[in-house]
Amino acid sequence: MKKFPEGFLWGSATSAHQVEGNTLNDWTQWEKDNAKRLAKEASAKWEKWQQEKFPEMFTVENYISGRATDHYNLFEKDFDLAREGGHNAHRFSLEWSRIEPEEGKFNQEAIEHYRKVLIALRERGMEPFVTLWHWTSPVWIGEMGAWGNHETGKYFLRYAEKVFAEYKDLVRFWMPFNEPGTEVSYGYLFGKQPPAIKNKKLADAAFNNLMQTQKDVYGLAKSISEDFQVGCSHFMFHIRPYNNLPWNILAAKIMDYFADYRFFKTFRNFSDFFGVQYYQPFWVNLKLGGRFWGLFENKQKSGWCNDLGWEIFPEGLYHVLKKAAKNGKPIYITENGLADSEDKDRERFLKEHLQILHDAILEGIDVRGYFHWSLLDNFEFVDMRGFWPRFGLIEIDYKTLERKPRKSFYAYRDIIKNNGVE
Ligand code: BGC
């Protein structure tokens, strides 16, 4: 049995727009306007086996978040299940558009709602990790140009100040942003998710505004409570050359450097802990016209893949942790998971990643917690994939909203119970 350090945090993660249902933010209208097109484009986007296995991808509803899992109303039920699974921590996001639906007007009902959510977690013995922005913003912020507009940072600070003050007795761990890099690239460079613009200048502006705001929020948090732990959230590929061809080796080095260094620069100095989000490797194969990042093709090696076609490579977690550890901050794995509708690989995925994680800890890398993505099946909004990819430890029947813990949910519960993995 590989035992984890005492006090290790075990949990799972969600985000508001993906699970709550009935959100009204800068993504809502975009989904309605683009759902038909997305359903049509599915055949060009996904492999044959995926199209056959998940015909929902051809329906318009797949691309509209709608009532999602109705977690907004069913959160207590969901937290009961998390508790049953032994979780002692939980990561979720506040929905800014509920808290400040109109500029400067804070909605007391929403504020009370999230207080209830936090109390429900505390009552069940779960440490909350609260994300302030998991990509969705109030409509009025969207209309101003969201992160492409410098002013957004100022409004975000006011929102942050409000929630810090409201919840300071209930929350210690804060994460201002979820994966700023993913939203900047998919939202502002590739144009695949809202605001869906392809504009390098705006992408740079959004990146700079987000990083500046991380700095400002960090300072603000510290001025409110010395006890606050402010983190970051960073998506990390395990980036290596596909083979020994010199141009692939060089390309992988360049990509590996540029994927992280600008984020590290800010996060190193303006966060107390590092939130690592790891899903898959990127085996760099230079190819003119490659699908992703132009020249850089991610060529698979092992054939062990999840429903989205992402290669599963647990060892990569070790390498990204080693890289993140250079920043000298404690690390929490704030996301790691897979789309696996049949739950055939999730248990093995969990065990192998946790074994690797254990090795990293033994080597002295200071990892203090693990949050599986996700507690529930949800609206997978990266790249607007919709409902068909199933990331949950708990399965959702979207017709009846019935929750059904998958087999892997119980495997994870046993790991947590033992505070260790075989
Ligand atoms: C995001 C989640 C998303 C997950 C799986 C992460 O990049 O933070 O919102 O569902 O990846 O794609």
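**Ligand, rings and backbone turns: a conversation**

Biologist: Ser374 sits in the loop between strand E10 (367-373) and strand E11 (394-396), and I gather that the model is predicted. What is omega for the peptide bond that joins Trp373 and Ser374?

Modeller: Most peptide bonds are trans. The bond between Trp373 and Ser374 is cis instead. Its omega is about 15°.

Biologist: Thanks! Trp373 interests me for the ligand too. How far does a polar side-chain atom of Trp373 lie from an oxygen atom of the ligand?

Modeller: Trp373 has a part in both stories, as the cis bond leads from Trp373 to Ser374. A polar atom of the Trp373 side chain also faces a ligand oxygen. The distance between the two atoms is 3.2 Å.

Biologist: How much of the ligand's area does the protein bury?

Modeller: Taken alone, the ligand exposes 310 Å². Around the ligand there are 14 residues, and the closest are Gln18, Asn178, Glu179, Glu335 and Glu380. The protein's share of cover over that ligand area is 98%.

Biologist: Let me stay with the ligand for one more. What distance separates an oxygen atom of the ligand from an N or O atom in the side chain of Glu179?

Modeller: Glu179 is one of the closest residues to the ligand. Another polar contact to a ligand oxygen comes from the side chain of Tyr279, at 3.5 Å. For the Glu179 side chain, the distance to a ligand oxygen is 2.6 Å.

Biologist: Now to the rings. How is the aromatic pair of Trp147 and Phe156 arranged, stacked or edge-to-face?

Modeller: The whole structure holds 51 aromatic pairs. In the pair of Trp147 and Phe156, the centres are 5.6 Å apart and the planes make an angle of 65°. Planes over 60 degrees apart count as edge-to-face, so the pair of Trp147 and Phe156 is edge-to-face.

Biologist: Is Phe156 buried or exposed?

Modeller: Phe156 belongs to one aromatic cluster with Trp96, Trp133, Trp140, Trp147, Tyr155, Tyr159 and Phe177. Its partner Trp147 has a relative accessibility of 1% and counts as buried. With a relative accessible area of 0%, Phe156 is buried.

Biologist: Which residues, beyond its neighbours within four places in sequence, is Ala206 in contact with?

Modeller: Ala206 belongs to helix H10 (residues 200-224). Its relative accessible area is 0%, so Ala206 is buried. Leaving out the neighbours within four places in sequence, Ala206 is in contact with Trp147, Gly148, Val184 and Tyr188.

Biologist: Charges over rings next. Which residue lies over the face of Phe207?

Modeller: One arginine over a ring is Arg98, which sits over the face of Tyr72 at 3.9 Å from the ring centre. Phe207 has a charge over its face as well, with 3.9 Å to the ring centre. The residue over Phe207 is Arg262.

Biologist: Which residue's backbone oxygen does the side chain of Lys323 reach?

Modeller: Lys323 lies in helix H12 (residues 315-325). At 18% relative accessibility, under the 20% limit, Lys323 counts as buried. Beyond four places in sequence, its contacts are Met236, Asp256, Asp260 and Phe264. The backbone oxygen that its side chain reaches, at 2.7 Å, is that of Asp256.

Biologist: And Asn34, whose backbone oxygen does its side chain reach?

Modeller: Asn34 is part of helix H2 (residues 28-45). With a relative accessible area of 13%, Asn34 is buried. At 2.8 Å, the Asn34 side chain reaches the backbone oxygen of Trp30.

Biologist: Back to the backbone. What phi does Asp70 have?

Modeller: Most residues other than glycine have a negative phi. Asp70 lies in the loop between helix H3 (48-53) and helix H4 (71-84), and at 14% relative accessibility Asp70 counts as buried. Although Asp70 is not a glycine, its phi is positive, at about 60°.

Biologist: One last question: where is Ala146 found?

Modeller: Ala146 also has a positive phi, near 45°, without being a glycine. At 5% relative accessibility, Ala146 counts as buried. Its place is the loop between helix H7 (139-143) and helix H8 (151-167).

Technical notes
Residues numbered from 1 in each chain as written. Predicted model: local features only at pLDDT ≥ 70, side-chain atom pairs only at ≥ 80, totals over all residues. Heavy atoms only, no water. Phe/Tyr/Trp six-rings, centres within 6.5 Å; stacked < 30°, edge-to-face > 60°. Buried < 20%, exposed > 50% of the residue type's maximum accessible area, 1.4 Å probe, protein only. Lys NZ or Arg CZ within 6 Å of the ring centre and 35° of its normal. Helix = DSSP H or I, 4+ residues; strand = E, 2+ residues; numbered from the N terminus. Contact = heavy atoms within 4.5 Å. Near = heavy atom within 4 Å. Polar contact = N/O pair within 3.5 Å; in protein donor to acceptor, adjacent residues only side chain to side chain. Areas by Shrake-Rupley, 256 points an atom, 1.4 Å probe, with all protein chains shown as cover.
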